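Biologist: I am new to this structure and would like a close look at a single part of it, the sheet and what packs against it. Please take me through it slowly, in one connected account.

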Amino acid sequence: MSPHQFLLTRRYKMSLVHQIPAEFVGNECSQLHGHDFKVDVVVAGMPDPVTGFLISRLELDRIVETTLLKPYREKPLHELQNKMTGEAIAARLFELLRAPSALGESCVSVNLIETRKNRFQATV
Ligand SMILES: [Zn+2]
């Protein structure tokens, strides 16, 4: 078995709905609307000596679905957190995945890809 630690990066699509009170922004974000993001979840560790996998992709998908995708699909962003910047969203997604009931410390980074130019990386 390899003595090397590995990083697995798996990409997910995420859509967020939100509304920012008009007194804070004079743009389209004052109406209820959605944003599409890509989220790269990075997991670190050693491959399992039996399976050869760092983590089961099915298990990772299940954790990301129940921890991130489902809650953010079912509620608008402004009901889940106060700050709605890319930085704040990436930080919150990272905190949720770092919880012991989710991926714990094996999750070493979350990248929120907002546009071709903007990527917010929360990491240890
Ligand atoms: Zn918006």
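Biologist: In which sense do strand β1 and strand β2 pair, and over how many bridges?

Modeller: Before the answer, please keep in mind that this is a predicted model. Strand β1, which covers residues 6-18, and strand β2, which covers residues 33-45, pair in the antiparallel sense, and 13 bridges join them. One place to see this pairing is arginine 10, which stands opposite valine 41 of β2.

To set these two strands in their surroundings, the protein has three helices and four strands, and from the N terminus on these elements run β-β-α-α-α-β-β. The protein has 124 residues, of which 20% count as buried, and its C-alpha atoms fill a box of roughly 60 × 30 × 20 Å along the principal axes. Among contacts between residues at least 6 apart in sequence, 60% join residues at least 24 apart.

Moving on across the sheet, β2 also pairs with strand β3 (residues 107-113), and here six bridges join the two strands, which again run antiparallel. Two of the residue pairs can be followed by eye: valine 42 has serine 109 as its bridge partner in β3, while valine 43 has cysteine 107. Taken as a whole, the four strands form an open sheet with the order β1-β2-β3-β4 and antiparallel pairing. Its edge strands are β1 and β4 (119-123), each of which pairs on one side only. On average, neighbouring strands of this sheet are turned by 20 degrees against each other, if direction is ignored.

Helices lie against this sheet. Helix α1 (residues 57-74) packs on it and touches β1 and β2, with a direction that makes about 20 degrees with that of β1. Helix α3, in turn, lies across β2, β3 and β4 and runs at about 150 degrees to β3. The length of α3 can be checked as well: at 1.5 Å a residue its 13 residues should span 18 Å, and because its end C-alpha atoms are 18 Å apart, the two values agree.

Several residues of α3 are buried, namely Ile89, Ala90, Arg92, Leu93, Phe94, Leu96 and Leu97, and what covers them includes β2, α1, β3 and β4. Some of the helix's residues also belong to the largest nonpolar core, which has 23 residues and in which Val41, Ala90, Leu93, Leu97, Val110 and Leu112 touch the most other members. At least two residues of this core come from each of β2, α1, α3, β3 and β4, and the largest share, six residues, is supplied by α3. Leucine 112 offers a view of how these parts meet: leaving aside residues up to four places away in sequence, leucine 112 touches Phe37, Val39, Gly86, Ile89, Ala90, Leu93 and Phe120.

A contrast with these buried residues is found in the loop between α3 (86-98) and β3, where alanine 99 sits. Alanine 99 counts as exposed because it has 12 C-beta neighbours inside 10 Å, and 12 or fewer is the cut-off for that class. Alanine 99 and isoleucine 20 are 79 residues apart in sequence, and their C-alpha atoms are 28 Å apart in space.

Technical notes: Residues numbered from 1 in each chain as written. Predicted model: local features only at pLDDT ≥ 70, side-chain atom pairs only at ≥ 80, totals over all residues. Contact = placed C-beta atoms within 7 Å. Pairing = 2+ DSSP bridges. Axes fitted to C-alpha atoms, helices over the stretch in contact; angles between N-to-C directions. Expected span 1.5 Å × (residues − 1). Core = buried A, V, L, I, M, F, W, Y, C linked by C-beta atoms within 7 Å.
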